[in-house]
Each structure stands twice: as C-alpha cells, then as structure tokens.
Amino acid sequence: MSKIESKQVNQPYVIENKGKSLFQVNRRVFVDDQILERETRKIFDTCWIYLGHESEIPNPGDFLTRQVAGKELIFVRSREGDVHAFFNTCPHRGAMVCREKQGNDKLFVCMYHAWSFDLAGKLVNRPEAKRYHADNSDGVHNLVPVANLDNYRGLYFVNYDVNAIDLPTYLGGAREYIDLTIDQSEVGMEIVGGTQEYGFDANWKLLVENSIDGYHGMPTHTTYFDYILAAGGQLGDTGTKINKPRDLGNGHAAIEYGSPWGRPIAKPVAAWGEQGEKDCAEIRAKLTERFGKERADRIAYNNFNLLIFPNLVINNVMAITIRTFYPQAANKQHVKAWALAPMDESKVMRERRLYNYLEFLGPGGFATPDDCEALKMCQQGYMNLKNVEWNDISKGMGENKQGNTDEKQMRVFWREWDRRMQSAK
Ligand code: FES
Ligand SMILES: [Fe+2]
C-alpha cells in the first residue's frame with residue numbers, strides 16, 4: 001500500500017468545481033484501510049445489497065448460502081414457499097449452520113452440537129433438550145433473519161439497517177431498466193448455470209467505474225473489435241443511434257446505446273443466418289403485441305449497463321450479466337457474476353446467448369480479462385499516491401449534451417458515495 005501522508009488524510013475525497021468543470025477523486029479512496037472500514041459502515045451496512053434471483057431457489061426447500069457484503073447468509077424457500085434470508089450462524093455457539101453451497105432439504109442441522117432448525121429458521125430440536133430450562137418462546141434460539149429482505153421483479157436484496165427506506169424507493173429510476181430486462185420474457189427470467197467467481201488486485205470502486213464506462217471500449221477491447229471485423233461483423237451502432245448516460249437517482253446510473261453485436265432479444269447479426277433473422281422477428285412481434293412498437297424496439301435493440309448503487313451491475317448487452325463485487329482489502333476485490341436469460345427461450349437462441357456470454361462477458365471472454373488488467377494497472381499506479389494525488393472524472397462537464405463516452409454516470413456514483421461517506425450517522 002502507498003504511504004499516506006498526514007496532510008493527504010485531510011484532503012476531501014471528492015472535489016467538484018462546477019465553475020471550472022473539474023471533478024476530481026482523491027486516490028487515497030482506493031488504497032486506505034480506514035476508508036474501507038468507513039465504507040463498510042456507511043455504505044455496505046446501510047444500502048440495499050443484491051442477494052440473489054428467485055430462480056436460484058425455485059422450489060420449496062431450496063436453499064443456497066452466499067456471502068453478501070461481508071456477512072454469511074442463507075437464502076431459502078420454506079416448505080410453505082416463503083423466501084427468507086438468515087445470518088448463517090448458529091444461535092448456540094456460532095458455527096455456520098449450513099455448509100453447503102446449495103441444495104434442497106427440510107431442516108438445517110448444525111454440525112457442531114446438532115441443533116436443528118426448520119426452513120423458516122425456527123429451532124425444532126437440540127440434543128439433551130431437557131437440560132435447557134430457558135424456553136424458546138421469544139425465539140431467542142431461532143436463526144436470525146436479516147433486518148430487511150425484499151425483491152423487485154424477482155431480484156432479491158437485503159438491507160442490514162433497521163431504519164432502511166423501502167426497496168422500491170431506494171431503486172428509484174433504476175426500476176425502469178430492471179423492467180426493461182425482466183419484460184424480455186412473458187413467463188419469467190432465470191439464472192443459467194450457477195455462479196462465476198473471480199478476484200483481482202484492484203479496489204472495488206474501480207469496477208463500478210469500469211462497468212458504466214463507455215470511454216474505454218475501443219482502446220481497452222481492441223482485440224474483441226478486431227475479432228468482430230475478422231468474423232465479418234460491423235463496428236458502430238447498427239441499430240438505434242441512441243447515446244444516453246442517465247442519472248437514475250440515489251447514486252444509480254446507466255448508459256444506453258445501440259451496438260454492432262447480435263442480441264438474442266431480438267437483434268440478429270449476419271452470422272446467425274436467415275434463421276436468426278426469422279427467430280428475432282418472431283420475438284419482436286411478440287414484444288410488440290405486449291408493449292407496442294416503441295417499447296418493444298427499445299427492449300430488442302437497446303443495450304445498457306446499469307449500476308445500482310453501490311455494487312450491483314446489470315449489463316444487458318449481447319447477453320445479460322448480473323454482477324456484484326466486494327472489497328477483500330482496499331486493493332483487492334472478489335467478483336460474483338451470473339447469466340440471466342428468458343425461461344422460455346428456444347434452444348438455439350440460448351446457445352447464441354451463451355456463446356456471446358463466453359465470447360465477451362465471461363471471466364475468460366474478450367472483455368473481462370482486459371478490464372481486470374486495466375484496473376490492476378490503475379491500482380498499481382496509485383502506489384505513486386504521495387506524488388500524484390487526484391483522478392480526473394470531468395469528461396463532458398460543462399457540455400450541454402452528455403454522451404456515453406463522457407463521465408457523467410461516474411460522477412453520479414461518486415457524488416452519492418461521497419455524500420454517504422460524509423454523513424454523520
Ligand atoms: S454451535 Fe451449533 S449446535 Fe452448537
Ligand atoms: Fe470493458
């Protein structure tokens with residue numbers, strides 16, 4: 001880690017100078033352990049944080065375990081079909097009650113002394129129960145649920161703060177983009193094929209910026225675009241000509257744009273042949289019937305990268321990826337990502353989608369390793385913090401019209417991050 005001098009510690013995190021159209025972020029926010037500790041309290045313990053998708057626990061008795069903002073949780077559908085999120089720690093002496101990644105069961109039995117709990121978290125048995133005189137009528141020996149659990153259109157979120165605002169209010173304008181994603185299917189969306197996990201040496205906020213950064217596409221991902229050209233594809237927006245960064249409130253932001261690539265919903269490319277044209281036309285006709293032409297076209301053609309503050313990204317591009325990432329240290333992060341797809345998609349369309357996923361979005365695709373490398377280079381650059389203190393996020397400031405390759409959407413994140421970090425509470 002870089003050495004932080006005492007005069008640097010007193011610098012603001014973010015400086016916004018509207019008169020000069022200058023927006024700067026102090027580089028110590030990427031390297032300082034005390035700032036990381038403050039982020040845990042001011043951001044991860046108070047914001048709504050993504051837990052998982054309803055399709056991951058479709059049946060009564062289904063459960064999975066997941067670390068969410070530094071806490072071990074059990075995400076479970078009870079026998080009655082209700083969804084719960086419990087802290088994965090035994091009320092007896094603390095062992096993790098559930099050690100499996102996922103499964104289906106009737107009870108959770110703690111491995112240590114075998115206390116057992118039903119799927120609604122209630123203690124149902126403990127060996128030598130007669131030796132306990134305190135009863136459980138106040139539920140003190142049940143699994144402890146998280147303070148808040150709610151879902152918006154099948155996406156489940158938790159909030160550890162008892163005073164949290166409700167989820168729909170928190171999501172604000174981001175709901176418009178979640179709707180555009182979920183409306184792709186009349187019968188519902190599903191996570192395909194488990195969780196992808198990877199980690200790399202860069203502060204988590206660098207991936208926030210990168211996930212909504214339209215400026216880096218061409219220079220960072222040259223290999224991918226060369227490959228598209230070599231495969232007979234075209235570059236540039238071949239659909240919509242839209243170019244719109246959005247401030248969605250509460251620190252959420254999106255960029256929306258057309259693209260050269262095919263979208264299984266429902267923009268064909270030459271490589272998919274005549275059949276691809278036909279398949280996409282069929283999907284578009286159905287969408288038009290449900291939503292009218294304007295919205296159907298937006299769903300079919302428009303790509304977007306959506307950031308839900310602080311660390312949920314939904315990229316609706318040549319496939320849909322849901323991605324979260326957490327700091328493991330100031331200079332290290334762990335990423336979890338899932339592929340989301342319409343449940344009623346045809347076999348061939350699903351293949352095209354997954355191929356797109358592998359090709360660009362997955363950990364071994366054309367994009368992700370390039371991005372990880374760029375962010376590692378930034379992190380390494382911050383070792384010079386003593387001499388070079390500020391990042392510049394000013395692109396497009398002072399312009400009447402902002403485009404996706406400007407940095408407005410990143411300023412939206414940083415303003416909210418700074419507001420929360422400065423709050424007294
Ligand atoms: S710690 Fe779970 S039964 Fe003792
Ligand atoms: Fe990228």
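**Notes on the strands and domains of a predicted model**

1. Starting with β3: 4 bridges tie this strand to β12 (residues 155-159), and the two run antiparallel. This is a predicted model, so read every point below with that in mind. If you want one residue pair to click on, take Y50, which sits opposite F157 in β12.

2. Zooming out a little, β3 and β12 belong to an open sheet of 3 strands, ordered β3-β12-β11 and paired antiparallel. Which strands stand at the edges? They are β3 (49-53) and β11 (148-152); each has a single partner strand, so one side of each is left without a neighbour in the sheet. From one strand to the next, the twist averages 30 degrees. As a reminder, strands of a sheet pair through backbone hydrogen bonds, in either a parallel or an antiparallel way.

3. Next, β16 (residues 303-308). How many of its residues are buried? The count is 6 of the 6, so the strand is largely enclosed by the rest of the structure. For burial, the cut-off is 20 or more other C-beta atoms within 10 Å of a residue's own.

4. The side chains of β16 split into two sets: N303, N305 and L307 point one way, while F304, L306 and I308 point the other way. Both sets are buried. The general rule here is that side chains in a regular strand alternate between the two faces of the sheet. Note that N303 and N305 are among the buried residues, alongside L307 on their side of the strand.

5. Who pairs with β16? One partner is β15 (residues 253-257), held in the antiparallel sense over 5 bridges. Within that pairing, A253 stands opposite L307. Another partner is β17 (residues 312-316), again antiparallel and again over 5 bridges. There, I308 faces L312 across the pair. The link between β16 and β17 is a hairpin, with 3 residues making the connection.

6. Last, the overall layout. The domain assignment splits the chain into domain 1 (53-163) and domain 2 (173-422). Their C-alpha centres lie 33 Å apart. As for contacts, 9 residues of domain 1 meet 10 residues of domain 2. What is the make-up of the side of domain 1 that touches domain 2? It divides into 3 nonpolar, 4 polar and 2 charged residues.

Note on methods: Residues are numbered from 1 along each chain as its sequence is written. Chains are lettered from A and ligands numbered from 1 in the order in which they are written. This is a predicted model: local features need pLDDT of at least 70, side-chain atom pairs count only at pLDDT 80 or more; totals for chains, interfaces and linings use all residues. Domain bounds come from an automatic or database domain assignment. Two residues are in contact if their C-beta atoms, placed from the backbone, lie within 7 Å. Ala, Val, Leu, Ile, Met, Phe, Trp, Tyr, Cys and Pro count as nonpolar, Asp, Glu, Lys and Arg as charged, and the others, Gly among them, as polar. Two strands pair if DSSP finds at least two bridges between them. Axes are lines fitted to C-alpha atoms, for helices over the stretch in contact, and angles run from 0 to 180 degrees between N-to-C directions. A residue is buried if 20 or more other C-beta atoms lie within 10 Å of its own, exposed if 12 or fewer, and partly exposed in between; C-beta atoms are placed from the backbone.
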